[in-house]
Amino acid sequence: MTGADGLDGGWDTFLDGLAMSELDALCCAPIQTKVETRWERRKRRELAATTERAYRYVALRAKPPMAIFTSEVPYPLPPSAGKAQATWTGYRRSVSTTSSTLLHLANETIVDDFYTHVLAAHEATLACATADAVHLVSASGQRARHAVQHPSSLAALGSIAWLSPTQLALGASNGALYRYDLPTNVCLDVVAQAHGDRIDVIASHGTGCYTGARDGAIAHWDFRLPHPRLHVRTDHSQGVCGLALSADGTRLASGGNDNLVCLFDTRQARVEHLLQGHSAAIKALAWSPHERCVLATGGGLADKSLKCWHAYTGALLCSAPTHGQVSALLWPVNQKHEIVTVGGFGADAVQLWSYPSGKRVTSVPAPSKGRLLDGALLSDHVVTLSADGTLQQYEIALDRKRRSPPSETGTPDTPDERQRRRRLRITMQLVTDYLVSSSMEQLLSLRASARLLFACLAVNMLLQAFFISYKLIDTVDASTWSSTALVSLVICYTAWIVISAIGGVCGLYSTHYHHTQSAHLCLGAWVLLVGFQLLEGAIAIFYLSPEAELGPETRRMLAFNTAALIAIEVLFIIFILGYIQLLEYCAPFDYNTILDHDNMHLMASTECASPKVLVPLQDMPTTYGTASHV
């Protein structure tokens with residue numbers, strides 16, 4: 001610390017310039033229990049700003065806040081920071097920390113890489129990808145091995161995902177993509193040059209999948225088409241190591257080695273948000289099955305954090321330190337407010353977190369020595385794969401010892417009653433999903449009706465320009481150009497006519513071509529018309545009425561007519577806002593935007609004729625494709 005004389009204070013000064021003698025006086029003085037008021041704090045700061053000294057005094061507080069170590073600090077975490085986290089006592093349910101070995105893959109080559117995704121669960125079957133084979137494991141431990149024939153013997157499997165109950169999508173280290181059929185043990189499709197580097201992650205959506213690779217590209221595939229690759233995105237500057245598709249298929253989250261999370265709108269093929277907050281690669285991503293707008297992400301070794309985001313706004317909901325790599329994120333379906341993380345280096349094997357508080361409930365250490373590479377949910381059990389080939393099964397997400405709440409009759413709840421309530425919740429969720437995600441045919445029909453009303457509003461604007469021109473002519477003929485109010489009224493009418501004509505033409509153009517930008521211009525014109533209407537009423541009531549010696553009744557009638565016209569125009573503006581939102585939602589599904597000549601014959605078939613599966617790709621101006629969202 002350098003004092004006012006320019007010399008280094010050395011050991012005589014510390015705490016932002018507080019001298020040792022001053023510190024002794026403060027320590028020996030009696031403790032002041034009076035709380036500093038806001039006025040006193042402001043006076044102290046003003047005095048410190050005007051004092052000619054190179055340092056300021058530090059206000060002594062009663063008790064400093066506890067330090068919170070996170071991965072966002074500019075200095076590395078101390079070794080003891082990872083051991084300070086304690087288990088949540090008094091949790092709402094009894095959490096089981098027992099685990100058992102499901103299977104040990106002996107004599108199998110495991111790719112020991114943090115970026116790989118080698119586990120995928122479908123109902124009661126778990127698929128595990130090793131270097132040259134796929135292992136199917138049931139919840140009881142039964143195993144079936146399927147050897148995958150590679151075009152190159154040097155290629156190793158690095159990612160796996162379920163396309164259907166009988167088909168798998170496999171990604172290799174040489175950038176090849178396979179569609180593997182389990183009953184026949186045959187690769188139905190082989191894309192040799194799917195990516196320029198290893199495919200690290202696959203996110204499936206029924207008839208196709210999204211793939212992310214080390215080359216930083218995200219490709220969309222539909223295996224029903226003769227040319228399965230629909231489009232490629234390169235929004236990440238480094239490799240893509242995490243993908244997660246929302247349940248309704250409208251949003252795709254990707255995590256990259258550039259420490260960014262990209263949220264894509266799959267309907268409009270554009271990036272909605274870039275989530276920044278991690279300081280390492282984001283491999284683990286998972287959408288909440290209970291709240292569609294919640295996305296959980298986990299960082300690598302330099303980040304060591306779990307974060308939850310609001311996908312619609314991009315806001316950070318909560319963040320918690322995991323004290324190690326996050327290899328996988330799992331949302332238990334039977335636990336609404338819980339998240340399970342699978343840890344790699346530096347963290348426990350499985351950790352249970354409470355959402356949205358971000359508190360750690362408990363953790364289970366890894367029984368094996370190898371680090372955990374991936375995790376999946378298999379029949380409400382958490383299954384992890386370690387680098388030594390051990391498939392470990394954890395019961396941390398089960399809730400066997402929870403006491404049943406009393407029913408309305410006062411008797412304990414039975415399993416049949418819980419099953420009935422669960423079926424009722426599932427039924428209500430299905431009904432809600434049907435109401436929220438209405439079919440595209442209904443939306444197109446609604447757009448046709450709204451289009452007719454919007455055309456009427458555009459014609460109304462042109463008629464306004466025509467009638468206002470007559471009012472302008474009458475005002476010019478009657479004006480002596482000596483009254484400022486009449487001159488202002490003439491200027492208002494002139495601008496009114498121009499804006500009405502432009503808005504009407506833009507509205508008709510948008511009606512014919514479904515042009516969103518023209519609809520925005522029409523909306524702006526209506527907003528200006530509200531201002532013109534208000535200006536005309538003010539001039540007529542406050543300036544022209546006294547000159548014409550109009551009575552109070554007439555002035556009140558003018559005010560009432562002006563207010564009624566403004567209210568009607570506000571309703572028109574609200575309708576135009578809804579129409580613009582409908583245009584933006586239905587634009588990707590318009591028949592006129594499909595220009596893919598290679599797949600035109602397949603689109604005309606019965607299977608792909610529905611407009612629900614037609615999505616344009618805005619990245620390629622002259623090449624569009626089809627996509628299916630489940």
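**Exercise 1. A loop asparagine**

In which loop is Asn107 found? Then decide whether this residue is buried or exposed.

*Solution.* The model is predicted. Step one: locate the residue. Asn107 is found in the loop between β3 (99-104) and β4. Step two: check the backbone. Asn107 has a positive phi of about 60°, although it is not a glycine. Step three: check the accessibility. The relative accessible area of Asn107 is 83%. The cut-off for exposed is over 50%. Asn107 is therefore exposed.

**Exercise 2. The sheet that includes β4**

What is the strand order in the open sheet of 4 strands, and which strands are its edges?

*Solution.* Start with the order. The sheet runs β4-β5-β6-β7, with antiparallel pairing. Next, find the edges. β4 (119-122) and β7 (143-147) each pair on one side only, and these are the edge strands. Then take the twist. Neighbouring strands of this sheet are turned by 20° against each other on average, direction ignored. Last, look at one pair in detail. Strand β5 (residues 125-129) and strand β6 (residues 133-138) are joined by 5 bridges in the antiparallel sense. Within that pair, Leu126 has Val137 of β6 as its bridge partner.

**Exercise 3. Strand β17 and its neighbours**

Why is strand β17 described as largely enclosed by the rest of the structure? With which residue of β17 does Val240 form a bridge?

*Solution.* Count first. Strand β17 spans residues 251-256, and 6 of its 6 residues are buried, so the strand is largely enclosed by the rest of the structure.

Now sort the side chains by direction. In a regular strand they alternate between the two faces of the sheet. Here Arg251, Ala253 and Gly255 point one way from β17, while Leu252, Ser254 and Gly256 point the other way. Residues of both sets are buried.

Turn to the pairing. Strand β16 (residues 240-245) meets β17 in the antiparallel sense over 5 bridges. The partner of Val240 in β17 is Gly256. Strand β18 (residues 260-265) also pairs with β17 in the antiparallel sense, over 5 bridges. There, Gly255 has Val261 of β18 as its bridge partner.

Finish with the turns. The hairpin of β16 and β17 has 5 residues between the strands, and Gly249 takes a positive phi near 75°. The hairpin of β17 and β18 has 3 residues between them. Its turn holds Asn259, with a positive phi of about 65°. Asn259 is not a glycine. At 24% relative accessibility, Asn259 counts as partly exposed.

**Exercise 4. A cis peptide bond**

Where does Pro356 lie? Is the peptide bond from Tyr355 to Pro356 cis or trans?

*Solution.* Place the proline. Pro356 is in the loop between β26 (350-354) and β27 (359-364). Then read omega. The value from Tyr355 to Pro356 is near 10°, and the bond is cis.

**Exercise 5. Annotated spans and a nonpolar patch**

Which residues does the UniProt annotation "transmembrane region" cover? Which element gives the most to the nonpolar patch?

*Solution.* Read the record. The unreviewed UniProt entry places the annotation on residues 452-473, 485-509, 521-545 and 557-580. Compare two spans with the model. Residues 485-509 are 100% helix, with end C-alpha atoms 36 Å apart. Residues 557-580 are also 100% helix, with end C-alpha atoms 35 Å apart.

Now the patch. Val459, Leu462, Leu463, Phe466, Phe467, Tyr470, Val505 and Leu508 make a nonpolar surface patch of about 740 Å². Helices α4 (440-478) and α5 (484-513) each give two or more residues to the patch. α4 gives the most, with 6 residues. Leu508 sits in helix α5. Its relative accessible area is 36%, so Leu508 is partly exposed.

Conventions: Residues are numbered from 1 along each chain as its sequence is written. This is a predicted model: local features need pLDDT of at least 70, side-chain atom pairs count only at pLDDT 80 or more; totals for chains, interfaces and linings use all residues. Side-chain values use heavy atoms; hydrogens and water are left out. Buried means under 20% relative accessible area, exposed over 50%, partly exposed in between (1.4 Å probe, protein chains only). Two strands pair if DSSP finds at least two bridges between them. UniProt positions are given in the numbering used here, feature names are shortened, and annotations may be inferred rather than shown by experiment. Patches are made of residues with over 30% relative accessible area and no salt bridge: like charges are joined within 9 Å, nonpolar side chains (Val, Leu, Ile, Met, Phe, Trp, Tyr) within 5 Å. Accessible areas come from the Shrake-Rupley method with a 1.4 Å probe; for residues, only the protein chains shown count as cover. A salt bridge is a side-chain nitrogen of Lys or Arg within 4 Å of a carboxyl oxygen of Asp or Glu. Axes are lines fitted to C-alpha atoms, for helices over the stretch in contact, and angles run from 0 to 180 degrees between N-to-C directions.
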